[in-house]
Amino acid sequence: MEPKYNPEVIERKWQFFWEKEEIFKVELDNAKSKYYLLEMFPYPSGRIHMGHVRNYCIGDVVARFRMSQGFNVLHPMGWDAFGMPAENAAIKHGSHPAVWTINNIKEMRRQLKRIGLSYDWSREIATCHPEYYRWEQWLFIRMMERGLVYRKKSIVNYCEPCATVLANEQVEDGQCWRCGTNVIQREQDGWFFKITAYAQELLEKCDELSGWPEKVLTMQRNWIGRSEGARILFQLENSDDSIEVFTTRPDTLYGATFMSLAPEHPLCLKLSRGTSQEAAVQKFVNEALTQDWQTRVGENAEKKGVFLGAYCLNPLTGRRMPIYSANFVLFDYGTGAVMAVPAHDQRDFEFARKYGLDIVVVIQPDGEILNAGSMTEAYVDEGFLVNSGEFDGTDNISAKRSVSQKLESMGRGGLTINYRIRDWGISRQRYWGAPIPIIHCENCGIVPAPDDQLPVVLPTDIDFPASGRSPLPELDWWVNVTCPKCGIPAKRETDTMDTFVESSWYFDRYTCPRFDGGILNPKELGYWVPVDQYIGGIEHAILHLLYSRFFTKALRDLGIKSQDEPFRNLLTQGMVIKDGAKMSKSKGNVVDPEELIDKYGCDTVRLFCLFAAPPERDLEWTSEGVEGAARFLNRVWNLVYLFKDLHFPKHISDQSDIARSIRRLTHKTLKKVTDDINNRFRFNTAIAAIMEFSNELGKISPRDTMASNDLTEAVYSAVRSLVFMLSPFTPHFAEELWENLGGKSGMTRIAWPTYDEAFLVEDSLLIIVQVNGKKRSEINVPVDATEDQIKQMALAELNVQKFIEGKTIRKMIVVPGKLLNIVVG
RNA sequence: GCCUGAGUGGUGGAAUUGGUAGACACAAGGGACUUAAAAUCCCUUGAGGCUUGUCCUCGUGACGGUUCGAGUCCGUCCUCAGGCACCA
């Protein structure tokens, strides 16, 4: 055994060993319990960063621990390989997105391998691979057949020079993030996934996700945004057409005095046409649509509107309600039209005051008379209906139902549930994404690519234009095809899919990554899913996790999956922070993982990542802390070196108190570490316990063991337990020590040590003695001491007597094995 | 504004079910070794007090409450972080 810890040599040695022996390769085995552990796969940006390291180290501890517990652990890794940065780099450096991506994957795979993670690399997936997106295209068509995919016109952020739709997060201050041009709102055709079909189930199933952080569930519930209310039809004056609104306050319908439409609402221009308001409305709508979002609906945005020159009729009062377009009405929510009840809605109130519109009070609170003329703000709370015809006097809560029922009987609306969540627009006018497998035919319209023509391969043998535009629409040889239905010349869809589509099902594909008989191999899928533990950043709390839940439900309804939910347990790890801020290039506080590995070895880096904070909290990076982790490993190395030649005694002839206490601490630590990893994911406290254990062992010298073979046995076992407990955290370090101690290599295949309750028994107990709840003394009592004996010993304590002298003992509270509280008065 | 979290020494954090507050580590100070430094090892380290003890008082964002006993439970409030936000 080397007298000094040399991480560079041993890390290379053990990584080679694990790879050669295929230690982490797993296969379906019905005889064994499976455990599917997954960390969110990375975007191949080129270099791994500390956030990745932290995420994957946390996962690796769990994986190795479960392996040692005898589970058949599926622990895969892959690449979320489509996306804009590849195109961006291509424009900047003149490389091809595919080449850039493949090189990045190569580099990052090399970096990940240096951390010594327990992945089954034989299952590696890159989502840009045609054999991956082939099945995504297949699924797209199946979903289309079930009505879960459709095409519609919608209003999107659009950058003209770049010729693409931009996601909201790609618009900065109203400008394109890449070219700086003002983004415009443009109506455009696009493909949508009907996630709203599952809105209710996605919401309800949140209650069953007991292994998810409450925080994430709350965010998802808010995002889905269910609200109960009514839909109401307002007939247009001099027309048979109606405007439909959604409201949560049908009880205030008698007080609706005007109507507000979102500027995007098609009726704005239609109704004002030919009226004296036509020009004003055009100007207003145009302004609202070209304005950036913050200016229009931001915190300080002014509420503005314009009369359309048209009226609709209140279905219950018959009142002529002027129709306005208002900038604060969201086209995306409800129906994009709002019945305005100024007396009972603050926005409508302000709007009515500004434009001189009628305010009619229809809800009266108890003990206060509202007067429309003197109100300074809307009354939005509960009360009784007034000015509401047959409903006068009913409380407004029950009026919600009765008013809705009346509307329903009139055919003018009824109770309904509205969701905030929108359908998922997946069309991107980008090149580097999975092609949408559709053919547009003049005769047949939209025709899916036939299954036997899948995958629709993204052409890669092309020059990538410097303009940044997708080259696909210009690629005549690719775009021009014959219609699979009627055979006439037709054109391919040139939009590609949002990259969130790939990440919505990759965890299923890991169960059978090379299967070519279908999207998923039912046998493998049935054995491995659901994911038992998913680990990743909180930034995916809504999008990725919600989309994945949606896909699992869609796959279930297609008869492919049998689970309702993809991820049984979710751990959201915190960010890596340095000098109080998230590591970023712009702040100049980035720490390069590889430099650290060069300097200290990956085991030290791993140990620090796991020790400095519990996983879900942010981790403050300090170089001193890393030094500390390295020092600890050196101390353990030296300790093991010191005791490496101890032999397990043939027979034990003596009894040693030190041996007993070492044995007790060994098993106590085993219990603590097992429990912390198993049930709590508290690696920081597990490591702290190991440190304490190691500190105690450090106090024993080899000379002590010569005198007692009882102690020899205790230390022999303690040192081996110490090394084993470190194996999930610092696996190379542990394997090397284990081997030097004569152990078998491949520790994940060796059973995790169990603790023995018999060794945990203490010789004596430390009892805290309190007087009136304040600690006044502590006493050591024999384990078998009776309550009376403990009380007598406590009362005999000098410092206790000081505080009870001259007072009456009211009672004594005994917490067995821990504490005695003497209550005096 | 609403919804989540969180607030403990100089710092990161611990205290798992209401029972010794500050484990473990970092930093700092002192000492040993060394010609010296680094490394390593040992000691001290929440604040305050004097009577220097198996001592006392205070102390977990603030103020109340429940309890024999509260970092932990309840109420009110403050601060910070994250999410949502004119959602009809």
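How far is the sulfur of Cys 268 from the closest cysteine sulfur, and which residue holds that sulfur? In this predicted model, the closest cysteine sulfur to that of Cys 268 belongs to Cys 312 and is 12 Å away, which is too far for a bond. A disulfide is a covalent bond between the sulfur atoms of two cysteines. The sulfur atoms of Cys 57 and Cys 609 are 5.1 Å apart, and Cys 609 holds the closest cysteine sulfur to Cys 57; this distance is also too far for a bond, because a disulfide requires sulfur atoms within 2.5 Å. Across the whole structure, a search finds zero disulfides. Cys 57 has a relative accessibility of 1% and therefore counts as buried. Cys 268 counts as buried because its relative accessibility is 0%.

Cys 268 is also one of the residues touched by Val 281. Val 281 is located in helix α9, which covers residues 278-290. With 0% relative accessibility, Val 281 counts as buried, the cut-off for this class being under 20%. Beyond the residues up to four places away in sequence, Val 281 touches Cys 268, Leu 269 and Ser 272, together with Val 306, Phe 307 and Leu 308. Val 306 lies 25 residues from Val 281 along the chain, yet the C-alpha atoms of these two residues are separated by 6.3 Å.

Helix α19 spans residues 623-643 and contains 21 residues. From the first C-alpha to the last, helix α19 reaches 31 Å, close to the 30 Å expected at 1.5 Å a residue. Buried residues in α19 include the aromatic positions Phe 632, Trp 637 and Phe 643. Val 626, Ala 629, Ala 630, Leu 633, Val 636, Leu 639 and Val 640 are buried in α19 as well.

The model also contains RNA strand B, which has 56 residues around it. Among these, Lys 303, Tyr 333, Arg 347, Lys 672 and Asn 821 come nearest to the strand. Of the atoms of RNA strand B that come within 4 Å of the protein, 61% belong to sugar and phosphate. The surface near the strand comprises 24 charged, 21 nonpolar and eleven polar residues. Helix α21, residues 683-697, supplies the largest share of this surface, with six residues.

Individual polar atoms also approach RNA strand B. A phosphate oxygen of the strand lies 2.9 Å from a polar side-chain atom of Asn 799. Base nitrogens are approached as well: a backbone N or O atom of Leu 330 lies 2.7 Å from one, and a side-chain N or O atom of Gln 770 is 3.4 Å from a base nitrogen.

Methods
Residues are numbered from 1 along each chain as its sequence is written. Chains are lettered from A and ligands numbered from 1 in the order in which they are written. This is a predicted model: local features need pLDDT of at least 70, side-chain atom pairs count only at pLDDT 80 or more; totals for chains, interfaces and linings use all residues. Side-chain values use heavy atoms; hydrogens and water are left out. A residue is near a molecule or strand if one of its heavy atoms lies within 4 Å of it. A polar contact is a pair of N or O atoms within 3.5 Å; within protein, one must be able to donate a hydrogen and the other to accept it, and residues adjacent in sequence count only if both atoms are side-chain atoms. Helices (H or I, at least four residues) and strands (E, at least two) are DSSP runs, numbered from the N terminus. Ala, Val, Leu, Ile, Met, Phe, Trp, Tyr, Cys and Pro count as nonpolar, Asp, Glu, Lys and Arg as charged, and the others, Gly among them, as polar. The expected span of a helix is 1.5 Å times one less than its number of residues. Buried means under 20% relative accessible area, exposed over 50%, partly exposed in between (1.4 Å probe, protein chains only). Contact means heavy atoms within 4.5 Å.
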